[in-house]
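Me: I have a protein chain in front of me and would like to work through it step by step. Could we begin with the chain as a whole and then turn to how its parts pack?

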Amino acid sequence: TAFSVPFISAIIGPTALALAGSIQASDIPVTSLTWWIGDALGILVIAPFLLKWFARPLGTMRRTFFQTIESLCFFIALIFVALFVFTDPIPALTEFTHSYLLFVPLTWGALRVGPRLMTAALVIIAPIATVGTITGIGPFAEFSGSNELLLLQIFIATVSTIFLLFVAAVEERKEANKRLLAN
């Protein structure tokens, strides 16, 4: 259902927009694809965040002082890099390839801060990237029409999938090592 519900809304929404005269009938396919990816992306980014943060009480997240400092440094670095990539108005620094600079703090997060904080990191990146792209700044703003948002959505979906799987693999390995050491 995670992908079927967005599919249904991606048919109904753009059709209603075309009937109301907000978009041309020829724009329905691209608008539907963008709509579907946007809704699916919302599920991909928001659902893990809600499940990790609200399925268990916050008190279950125990961190040492140094882990807390590292987590804080991770978020500062992540926000700095995201702002640099998606809101830097210097054209030479907003090339498409610069969006992959996000992989550096996200890899650090996947290896060190755990799934709960990684889901929060993905929730933080998405609006920064969206605002930068909508305001015409950042690596995806150079594409014309609705393509910039479509490409941004695909990028965020790819990054989210990669790093959610990465942090899950890291956590599974940590659990396997704990079980191995306990035996």
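Me: What percentage of the residues of the chain count as buried?
Reply: The model is a predicted one, so the answer is a computed value. A residue counts as buried when its relative accessible area is under 20%. Among the 183 residues of the chain, the share that counts as buried is 33%.

Me: How many helices and how many strands are there in the chain?
Reply: Reading from the N terminus on, the elements run α-α-α-α-α-α. The count for the chain is therefore six helices and zero strands.

Me: Are helix H2 and helix H6 roughly parallel or roughly antiparallel to each other?
Reply: Helix H2 covers residues 28-54 and helix H6 covers residues 147-182, and their axes, which come within 10 Å, cross at roughly 30°. Angles under 35 degrees count as roughly parallel. H2 and H6 are therefore, in relation to each other, roughly parallel.

Me: How many residues of the contact of H2 with H6 are nonpolar, polar and charged?
Reply: H2 passes H6 in a left-handed crossing. On the side of H2, the contact is made by Leu33, Thr34, Ile37, Gly38, Leu41, Leu44, Val45 and Pro48, while H6 brings Leu150, Gln153, Ile154, Ile156, Ala157, Ser160, Thr161 and Leu164. Gly is counted among the polar residues. The residues of this contact thus divide into 11 nonpolar, five polar and no charged.

Me: What percentage of the accessible surface of the chain belongs to carbon and sulfur atoms?
Reply: The accessible surface of the chain comes to about 10700 Å². Of this surface, the part that belongs to carbon and sulfur atoms is 73%.

Terms used: Residues numbered from 1 in each chain as written. Predicted model: local features only at pLDDT ≥ 70, side-chain atom pairs only at ≥ 80, totals over all residues. Heavy atoms only, no water. Axes fitted to C-alpha atoms, helices over the stretch in contact; angles between N-to-C directions. Helix = DSSP H or I, 4+ residues; strand = E, 2+ residues; numbered from the N terminus. Parallel < 35°, antiparallel > 145°, perpendicular 65-115°, else oblique. Left-handed = near helix turned anticlockwise from the far one by under 90°. Contact = heavy atoms within 4.5 Å. Buried < 20%, exposed > 50% of the residue type's maximum accessible area, 1.4 Å probe, protein only. Areas by Shrake-Rupley, 256 points an atom, 1.4 Å probe, with all protein chains shown as cover.
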